[in-house]
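Work through the exercises below with the sequence and the model open. Each task is followed by a solution in steps.

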Amino acid sequence: MLAVKQPVGVAASMVARCLPPVLAAGCAVILKPAEQTPHVAGAMIALAAEAGFPEGVVNLIYTCKGDAIGRS
C-alpha cells in the first residue's frame with residue numbers, strides 16, 4: 001500500500017480541535033470564530049504568524065452573519 005500526502009484544498013475548521021490535523025495535511029485554513037469568543041481565533045492567527053506560517057495559510061473571517069456563512 002502506498003500513501004501519498006498532498007494538500008486536497010482549502011478546509012474550513014473549528015479552531016482548537018481541527019486546526020492541527022488540517023495544517024499537517026498541508027491544507028490552508030479559513031477560521032470563522034464563534035461570536036462568543038472571537039479573540040481566541042485572533043490569538044491563533046498571531047501564534048501562526050509568530051511560528052512562521054506563510055501568509056495565506058491560516059486565514060480569519062470575522063462576521064456578524066455567522067449562520068449564513070456556516071451553512072454555505
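**Exercise 1.** Why does Ala34 count as partly exposed rather than buried or exposed?

Solution. The model is predicted; local features need pLDDT of at least 70, side-chain atom pairs count only at pLDDT 80 or more, and totals for chains, interfaces and linings use all residues. Residues are numbered from 1 along each chain as its sequence is written, and side-chain values use heavy atoms, with hydrogens and water left out.
- Step 1: take the classes, which are buried under 20% relative accessible area, exposed over 50% and partly exposed in between (1.4 Å probe, protein chains only).
- Step 2: Ala34 has a relative accessible area of 37%, so it is partly exposed.
- Step 3: place Ala34 in the loop between strand 2 and helix 2. Helices (H or I, at least four residues) and strands (E, at least two) are DSSP runs, numbered from the N terminus.
- Step 4: look across the chain to Tyr62, 28 residues away in sequence, where the C-alpha atoms of Ala34 and Tyr62 are separated by 9.0 Å.

**Exercise 2.** State the order of elements in the protein chain and the confidence attached to them.

Solution.
- Step 1: count three helices and three strands.
- Step 2: read them from the N terminus as β-α-β-α-β-α.
- Step 3: use pLDDT, the predictor's confidence in each residue, from 0 to 100. The protein chain averages 76, and 75% of the residues score at least 70.
- Step 4: compare the elements. Strand 1 (residues 11-12) has the lowest mean pLDDT, 54, and strand 3 (residues 58-60) the highest, 86.

**Exercise 3.** Describe the loop residues Lys32 and Ile61 and their distant partners in sequence.

Solution.
- Step 1: Lys32 lies in the loop between strand 2 (29-31) and helix 2 (38-51). Its relative accessible area is 31%, so Lys32 is partly exposed.
- Step 2: Lys32 and Leu60 are 28 residues apart in sequence, yet their C-alpha atoms are 6.1 Å apart.
- Step 3: Ile61 sits in the loop between strand 3 and helix 3 (66-71). With 32% relative accessibility, Ile61 is also partly exposed.
- Step 4: Ile61 and Leu31 are 30 residues apart along the chain, with 6.0 Å between their C-alpha atoms.

**Exercise 4.** Characterise helix 2 and the residue Gly42.

Solution.
- Step 1: helix 2 has 14 residues and spans 21 Å from first to last C-alpha, close to the 20 Å expected at 1.5 Å a residue. The expected span is 1.5 Å times one less than the number of residues.
- Step 2: Gly52 follows helix 2 and has a positive phi, near 100°.
- Step 3: Gly42 is in helix 2 and is partly exposed at 22% relative accessibility.
- Step 4: leaving out residues up to four places away in sequence, Gly42 touches Leu60 and Tyr62. Contact means heavy atoms within 4.5 Å.

**Exercise 5.** Which residues form the largest nonpolar core, and which elements supply them?

Solution.
- Step 1: a nonpolar core is a set of buried Ala, Val, Leu, Ile, Met, Phe, Trp, Tyr and Cys residues joined through side-chain atoms within 4.5 Å.
- Step 2: the largest has eight residues: Leu19, Val22, Cys27, Val29, Leu31, Ala41, Ala48 and Val58.
- Step 3: helix 1 (15-24), strand 2 and helix 2 each supply at least two residues of this core.
- Step 4: for the whole protein chain of 72 residues, 18% count as buried.
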